[in-house]
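Welcome, and please load the model in your viewer. We will go from stop to stop, selecting a few residues at a time.

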Amino acid sequence: MSVLTRDEAQTRAQLLDVHHYTVDLDLTTGDETFGSTTLIRFTARTAADTFVEVKPDTLHSAVLDGTPLDPAELDGNRLPLSLTEGEHELRLTATMRYSHTGEGMHRFLDPTDGESYVYTQLFMEDVQRVFAAFDQPDLKAVFELTVTAPDGWTVLTNTVTERQDDGRWKAAPTQPLSTYLVCVAAGPWHSIRTEHAGLPFGIHCRRSLAPHLDADADEIIDVTRACFDRFHEKFDEPYPFDSYDQAFVPEFNAGAMENPGLVTFRDEFVFRSAVTATERMTRAMVIAHEMAHMWFGDLVTLRWWDDIWLNESFAEYMGYQTLNEACPGLFSDTWIDFGVARKAWGYDADQRPSTHPVAPDPDAVPDTASALLNFDGISYAKGASALRQLVTWLGEDDFLAGINIHFKRHKFGNATLADFVDNLAAATDRDVHAWAERWLRTTGADTLTPRLTGEGNRWDLAVDHRGDRPHRIEAGLYDRRPDGELALRERIALDVPQAEPVRLSGPRPDLVVLNDGDLTYAKLRFDAVSEESALRGLSRIPDPLARAVVWNALRDMVRDGELEPAAYLETARAHLPEESELGIVQGVLAFARQYVADRYVPEEDRPAALAGLREIARALLRRTEDGEDPGLRLTAVRALVDSATTPDQIASWLDEGTVHGGPELDPELRWRILARLAVLGATDEAAIAAELERDPSATGQEGAARCRASLPDPAAKAAAWAAMFDTDDLTDLSNYLFTATALGFWQPEQAELVREYVDRFYDAAVALADRRGPAMAEAAGRHAFPAYAVDADALALGERRLADGTMIPALHRKLVDQLDDLARALRVRRA
């Protein structure tokens, strides 16, 4: 299959004006394939040769202006076209194949009730798996869809659908859309419909999840309405589509997809088991993020994939900011969660060899395969952080004025970075072009360190600045009170680089926190006195956002070898039991478990690290015995399970169906405990099969796959490996079952047992990626990589295989990142 290059897209965009697609899909032809007929009306501005893309199981016919074309001319995914100047009509009829990888038209059989569901994910170039198209974002057109579906199914699309007398579902014509934004979701959905602002709203899920969606429907709809209203207060352009549906679909690769009028979400957001307030906030943020895309990405769309940040960075920033404004009583400050969870993702990505500017140079994104690599922590979290700094520097009024100019000038069209910067510049006297060049066209993170000089009551505060970007920040000055609290003396606004140091009056602060409100994107360090104060008194800083900033700095210091992993764990042991912000507790525990305990401490020190995490978890359990903070207690139980090194306590919970003092075990906790028992060799296939009989859902199938792969038995490992890699098209695992199996396979406790598979991984992953494509390549690189083989031989092997082998870009990028993380872990251990 040929990937589309930027040059090819530019040439075709100059040639074609695409007007209208009529797409007819038949979903009644069997479980493996479906019928697809496409009629495209377009204009050629001059006589020329070009091509249309389609990836069929069988191309039955192609007719251009009444003249049949030879289907045998299809070359991979390209059917050549010789065009005269003027109007044209192209009709293609094909049989297409359902996928089980979350790409194209994904088909899912619900093991709970035997019902089937299908949905599309057409991002980048997967529309070609569903219908023929001139597949690039700047050839927008109107789409009219008709879908034939089995009896009892409901068909959802970007627009309102109606079932016709002949049983087919017909959708209203869309506004002009890019091809990748078309969406169909069909099946026996459980639907909750309402209306808001004169538009039909709906939420949908599998029938087997109906009770769980019903339980949360009010919250989901309330968040949706509140964000919708808040966006209309910000934006001059009204919501541009005829309805707003949100479908929670199975085995979805991303968090969600911003299809206009029909947003698709992974259906883990329909919570089957107890969750914490931060997990509910994450769902709400994703709702807000995807709604922001209705303007950023759907109304105004990038021209080429080098500007993906115009979609994702804006949706990320607007998602967090708008949720904060629209639902202030429902969730705590969303920027705390952003700082702990999302921003760390950006910092990590930006310090790897694969880093790239937020807005890459066009030459760096020459084709769709390279574009796919930029959906990472830089395009999302770093870009959102840059925008938050831009708003701080520019002022929100001017920022929104520029945004509204952008919408007005480019609605239902396409735009570039240059267009966006010009539109911002039209709303302000500030030099936005210079700001964009320094913030969006460069890589890496600046480092800011406070430096205090003076004595007595006269002190000068300077900021040592390693980097080239301008920053507008606040510095928090804290004094230690007799009771140990680090009380805020004042916040000082600073522009970095500084013209001159800031003169402070009064005694030297005990703690100086740069970027105290987390308004910029930079690595932070402390002067020696402040570092000691932070390590001793972190939980006594009154503002949770300031505590999040300090925790992020300590995290980064560990990763850079400047703070011993043991010191980080000791700080967590000292302060997490007193932490009131759940997002901080979850973020610190996750880093401590997944990176510090599993990768950064030497193997012989790992039992002590896990013991320290269990101590924290027990302290949190004691703190929550009154039942007033169920989210914190659930977090503590999860941490205790994941860090168990002996089976007795967690096995007794499983036998009794409850944690002593609560909570009772729901399916998520039962599978979590069983997975840990499997790692410890304290369960067997009979127990796994019994649990699966108790919970035969899709989530149960994934839990069983993970447990079986976790068993410390050579035969179990061989079976798991074969299921992941030694299969054919009929026995391939779905994307979710592959991930579940991979998550169980590699365990630090089983390093010797799986050592032989470290070398086998590379050939297996390359073959899988070549056969099953980018989504499975990403899954293999992310989840099936031997991350716990932290030794020089494993690193050398990986670097050698990376250098001497050819692999598709999606796998290559993941392995570059994984090997850099492995090299970092080795450096941390040596430090």
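Which residue is the bridge partner of G104 in β9? Select G104 and Q121 together: Q121 in β9 is that partner. Keep in mind along the way that this is a predicted model.

**Stop 1: the sheet**

Now widen the selection to β8 and to β9, residues 116-121. These two strands run antiparallel, and six bridges join them. Add β14 and β11 as well, and you have an open sheet of four strands, in the order β8-β9-β14-β11, with antiparallel pairing. Its edges are β8 (104-109) and β11 (154-157), each of which pairs on one side only. If you like to check strand geometry, the average turn between neighbouring strands of this sheet is 10°, with direction ignored.

**Stop 2: a loop residue after α2**

Next, select E237, which you will find in the loop that links α2 (210-234) to β17 (244-249). Is this glutamate buried or exposed? E237 is buried: its relative accessible area is 14%, and the cut-off for buried is under 20%. To see what surrounds E237, show its contacts W295, L299, N404, F407, K408 and K411, a list that leaves out residues up to four places away in sequence.

**Stop 3: a loop residue after α5**

Move on to A359, placed in the loop between α5 (334-350) and α6 (368-371). What is the relative accessible area of A359? The value is 0%, so A359 counts as buried. Beyond residues up to four places away in sequence, A359 touches D306, W309, L417, L440 and R441. For a sense of distance, add F235: A359 and F235 lie 124 residues apart in sequence, and their C-alpha atoms are 24 Å apart in space.

**Stop 4: the two sides of α19**

Finally, select helix α19, residues 685-694, and colour I688, E691 and L692, which are buried. Why do these three belong on the same side of α19? They cover an arc of only 100° around the axis, which puts them on the same side. As a reminder, an α-helix has 3.6 residues a turn, so residues three or four places apart point the same way. Turn the view to the other side of α19 and pick out A686, E693 and R694, which are exposed. To finish, show α18 (667-679) and α20 (698-710): the buried residues of α19 pack against both of these helices.

Notes. Residues numbered from 1 in each chain as written. Predicted model: local features only at pLDDT ≥ 70, side-chain atom pairs only at ≥ 80, totals over all residues. Heavy atoms only, no water. Pairing = 2+ DSSP bridges. Axes fitted to C-alpha atoms, helices over the stretch in contact; angles between N-to-C directions. Buried < 20%, exposed > 50% of the residue type's maximum accessible area, 1.4 Å probe, protein only. Contact = heavy atoms within 4.5 Å. Arc of directions from axis to C-beta.
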